[in-house]
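This report describes selected backbone, packing and metal-site features of the structure shown below. Confidence in the coordinates is considered alongside them.

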Amino acid sequence: MIATMQRVLAVLLLMGLIPGASAADFVIRNLDAGSGTGLSNTRRVAPVDGNPGTTLGAQRRIALRYAVRIVTSRLVSPVPIRIDARVDSDHPDLVCTRNSATLGLGGATNYTANFPGAPRRDVVYPLALANALAGQRLAQGADVRLFMNGRLDVAGNDCLRGATWYYGLRGAPGNNQIDFVGSVVHELIHGMGFQAIIALTDAGDLQQGAYPVFRNGRRFPSVFGRYAQDLALTGQPRFPELRVERRADALDDAPFVVWSSSMTNAATTNFVTAGRREGRIRLYAPEVVLPGSSISHWSAAVEPDQIMEPFESVETSVLNGLGLASCALRDIGWQLADGVRCPDIRTAPIVGTARGQYVRAFARPAVSQPQAGDSSATDRDDDDAGGSGGGCTMMPGQPFDPVWLVLCVLAAGVLVVRRNRPGLV
Ligand SMILES: [Zn+2]
């Protein structure tokens with residue numbers, strides 16, 4: 001009997017029906033391949049701090065892959081995570097001035113609801129997490145999109161007063177350097193679902209405070225957004241309980257907007273020394289709503305400094321783990337890899353065995369059923385929701401499907417921006 005059960009178990013594991021506790025593997029599509037720029041920049045450089053690359057592009061690829069391993073090693077998924085990545089010196093949203101910069105844009109390419117294995121109905125999950133929960137790939141194309149700001153390395157443009165990226169793997173940027181690995185980790189965590197997916201401004205059909213609309217006209221909160229709570233309002237509602245106008249009002253309710261997970265609150269009592277409200281960790285909700293930043297970060301008041309605060313900090317280093325981000329990722333449904341805790345304060349940057357490689361194109365097959373989200377849709381690069389709204393729309397022209405997909409494109413309202421703190425460099 002036991003032997004039979006073992007055999008059944010083995011078969012199920014082979015079929016991928018039972019997620020093992022192994023780290024999530026990944027595939028990175030180099031969107032700069034063949035261009036001679038960005039991740040494929042051919043400028044010669046000297047190796048730096050554990051990064052043996054001898055061209056700028058090679059160093060960027062090595063550092064980016066290392067950052068991806070830091071995150072994916074901590075998460076469990078039977079479905080490899082697909083990432084579209086580039087280093088872009090021309091992207092209109094990747095600004096860089098003398099005093100501030102958007103270091104990167106990162107986020108899920110799609111959100112989906114009511115897929116097979118979804119823990120909650122009528123809640124949208126980022127594609128990488130939905131794949132992990134479903135135990136199968138739900139859509140073709142990339143799960144995560146990651147654009148890093150290449151302007152930092154363009155000589156003579158006075159970006160952050162001449163600051164450059166640090167591509168070393170030791171978390172030790174020098175004066176006037178910004179840690180590339182840490183910044184990629186930050187953006188990638190957004191892509192794993194650390195994103196509220198709430199319209200932060202009015203834009204087109206979207207009203208501030210609204211959730212993305214599906215083709216059938218319904219609106220669902222994101223699994224992350226379920227944990228946003230406003231302690232200043234009567235009844236201390238979570239965001240999905242609010243009517244859209246009230247939710248819009250709540251977007252700037254610092255210091256009362258908090259992360260409402262009792263599991264995380266209990267686990268971080270001694271770890272978080274500042275930035276709590278009524279025992280709960282504060283979310284970023286400044287009085288001027290910042291498209292791309294509000295709600296989708298920890299409050300900048302949180303101590304110790306966190307990788308998922310909205311501003312880059314010299315005190316955070318991914319060599320000290322993901323911190324509170326592991327708690328939020330667990331809350332929204334990720335299974336943490338063996339040995340990963342909430343909070344994650346491991347000093348070893350790589351804790352698991354996530355494997356991954358660069359490709360020019362993703363393998364085509366392995367979608368188990370017809371889906372609304374195919375590559376032609378996820379490859380779209382326009383944004384009919386406007387640059388500062390929710391940025392997520394149901395894909396047009398697609399039939400109703402129980403697997404409902406939202407298309408999230410590179411809009412500042414969805415993809416969360418990391419700005420350098422003026423005066424840091
Ligand atoms: Zn961010």
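P255 lies in the loop between α5 (244-250) and β10. In this predicted model, the peptide bond joining A254 to P255 is cis, with omega about 5°. A second cis peptide bond runs from E303 to P304, with omega near -5°; P304 is placed in the loop between β12 and α7. A further backbone feature concerns D49, which is not a glycine yet has a positive phi of about 40°. D49 belongs to the loop between β1 (26-30) and α2. The table gathers these backbone features.

| Residue or bond | Feature | Value |
|---|---|---|
| A254 to P255 | cis peptide bond | omega about 5° |
| E303 to P304 | cis peptide bond | omega near -5° |
| D49 | positive phi | about 40° |

The loop between β12 (280-281) and α7 (325-332) also contains H297, a residue of the zinc site. The protein donors of the zinc ion are the NE2 atoms of H186, H190 and H297, lying 2.0 Å from the ion. Along the sequence, these donor residues follow the spacing H-x3-H-x106-H. Distant parts of the chain are thereby linked: H186 is in helix α4 and H297 in the loop, 111 residues apart.

Helix α4 (residues 180-191) also packs with helix α2 (residues 56-72): their axes come within 8 Å and cross at roughly 50°. The two helices are therefore oblique to each other, and α2 passes α4 in a right-handed crossing. On the α2 side, the contact involves R60, A63, L64, Y66, A67, V68, I70 and V71, which meet F180, V181, V184, V185, L188 and I189 of α4. The residues of this contact comprise 13 nonpolar, no polar and one charged.

Confidence varies along the chain. The average pLDDT is 81, and 78% of the residues score at least 70. Among the elements of the chain, strand β10 (residues 257-259) has the highest mean pLDDT, 98, whereas helix α8 (residues 375-378) has the lowest, 30. Residues 1-20 stay under 50 in pLDDT, and the model has seven contacts for them beyond four places in sequence. Residues 409-425 are likewise below 50, but this stretch has 95 contacts in the model beyond near neighbours in sequence. Where pLDDT is low, the predicted coordinates should not be read in detail.

Terms used. Residues numbered from 1 in each chain as written. Predicted model: local features only at pLDDT ≥ 70, side-chain atom pairs only at ≥ 80, totals over all residues. Heavy atoms only, no water. Axes fitted to C-alpha atoms, helices over the stretch in contact; angles between N-to-C directions. Helix = DSSP H or I, 4+ residues; strand = E, 2+ residues; numbered from the N terminus. Parallel < 35°, antiparallel > 145°, perpendicular 65-115°, else oblique. Left-handed = near helix turned anticlockwise from the far one by under 90°. Contact = heavy atoms within 4.5 Å. Nonpolar A, V, L, I, M, F, W, Y, C, P; charged D, E, K, R; others polar. pLDDT = per-residue confidence, 0-100. Donors = N, O, S within 2.8 Å, 3.2 Å for Na, K, Ca; no water.
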